[in-house]
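The following questions and answers concern charged side chains and their pairing.

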Amino acid sequence: MKRFGMAITVMMLVAGLGYAQALDTESWPPDTDFSQEIHFWSADDFLTDAIPAGKGGDFLPTLTILSGGDQTNEDVEIGGVFAKRATSNYFNVRDEGYWVWPDVPVIDVLVQYFASAESIKNDVGFLLGVLGNLHGIGGFTFESLTDKFEWRLFRIDNSGGWAGNDMVVSPIPTGGEYGGVNGGTIRFERVSNVIFRAVAFGPEGAFGEPEVINATHTVEFNPDLYPNVAEWDMDKGVTNGLNIYRDPGSDQEIVESENIGPANDKRKAARPAMDDGTGGARDIYVNWEILNEHFGPTSQPSTRVKLVAEYYDDPALAGTVFGPEVYVTAGDALAFYPGDKRTTLAGSGKWKEAVWYVKDVKFKGVN
């Protein structure tokens with residue numbers, strides 16, 4: 001974690017984990033049948049490049065991810081890989097070749113998604129058909145927790161020819177132009193915060209079997225071996241798995257002082273040097289280091305962290321804002337804590353406590 005202020009306790013929640021090897025995510029699943037007709041979408045069109053030379057003549061990039069209304073999503077980048085995060089419960093997929101699917105009794109829906117704590121779901125659903133002829137099915141799951149992209153295969157009952165059928169209700173209902181609802185063809189449901197890198201539709205068995213593709217993968221980590229609290233308290237002389245990072249000459253140089261606080265409660269404390277920037281950068285940061293893999297290996301998935309800082313609410317600094325800044329998140333990317341959630345000094349002249357919650361933190365550190 002990175003750059004907070006004065007006396008701090010860090011707490012974290014972790015889940016029990018085990019490990020298995022995942023499939024290659026830069027290639028189609030190994031049992032993919034390239035003689036079939038497959039309709040797909042992939043971020044940066046990476047699945048087009050993954051079609052073996054001379055094969056996949058009917059692998060068609062006809063899918064589009066819709067956004068708007070109650071089926072919103074946003075573009076994201078994780079570890080240099082582009083994808084789309086569902087920002088609502090619905091993730092709607094339009095197929096320009098929708099008319100193929102009414103004649104396919106079982107549709108295999110293949111997805112590549114980012115297996116984080118936020119993606120774990122136990123009742124993913126699909127909605128097929130147009131208004132007046134709908135078929136919903138639920139009970140599907142996202143189970144892996146690896147902080148990596150993984151494949152998942154869903155086998156969908158289409159025995160009633162619901163998907164892609166724009167002829168069964170006349171006139172075509174609003175939003176049913178592509179044989180589905182709200183302008184789509186097949187809609188995912190209850191997938192808020194799932195990050196998708198690819199979606200593909202095919203007939204049963206076109207990508208292999210669900211039991212092969214859907215093995216649950218998790219990173220090996222036993223939280224019972226590690227504490228859930230790390231703390232540093234300069235005044236009490238406590239260094240329990242956490243210490244202030246001392247880096248003279250950098251923009252995170254610190255000053256350590258005694259007799260800080262009101263007359264009846266003087267303490268030892270630390271602050272950023274706050275020089276005038278003559279060395280090239282102002283020292284406005286305080287950085288923290290977690291010692292000796294206190295919370296376990298840095299390869300484990302990201303987790304939610306509670307930060308508690310005890311600070312002097314200095315009247316001379318009333319209006320100053322401080323709090324978490326930057327950290328490593330899922331996919332080994334950098335993330336910034338929202339500025340509007342940091343703490344503003346009121347200038348009360350008392351020692352006070354600030355609490356922040358930061359999601360998707362990996363303990364790899366910054367600077």
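Q: Is Glu 209 buried, partly exposed or exposed?
A: In this predicted model, local features need pLDDT of at least 70 and side-chain atom pairs count only at pLDDT 80 or more, while totals for chains, interfaces and linings use all residues. Residues are numbered from 1 along each chain as its sequence is written, and side-chain values use heavy atoms, with hydrogens and water left out. Buried means under 20% relative accessible area and exposed over 50%, with partly exposed in between (1.4 Å probe, protein chains only). Because its relative accessible area is 31%, Glu 209 is partly exposed.

Q: With which residue does Glu 209 form a salt bridge?
A: A salt bridge is a side-chain nitrogen of Lys or Arg within 4 Å of a carboxyl oxygen of Asp or Glu. The closest N and O atoms of the pair are 2.9 Å apart, and the partner of Glu 209 is Arg 155.

Q: How many residues apart in sequence are the parts that Glu 209 and Arg 155 tie together?
A: Strands (E, at least two residues) and helices (H or I, at least four) are DSSP runs, numbered from the N terminus. Glu 209 lies in the loop between β13 (195-203) and α2 (210-213), whereas Arg 155 belongs to strand β11 (residues 149-157), so the parts tied together are separated by 54 residues.

Q: Which residue forms a salt bridge with Lys 362?
A: Lys 362 is buried, at 6% relative accessibility, whereas its partner is partly exposed at 44%. The closest N and O atoms are 3.5 Å apart, and the partner is Asp 332.
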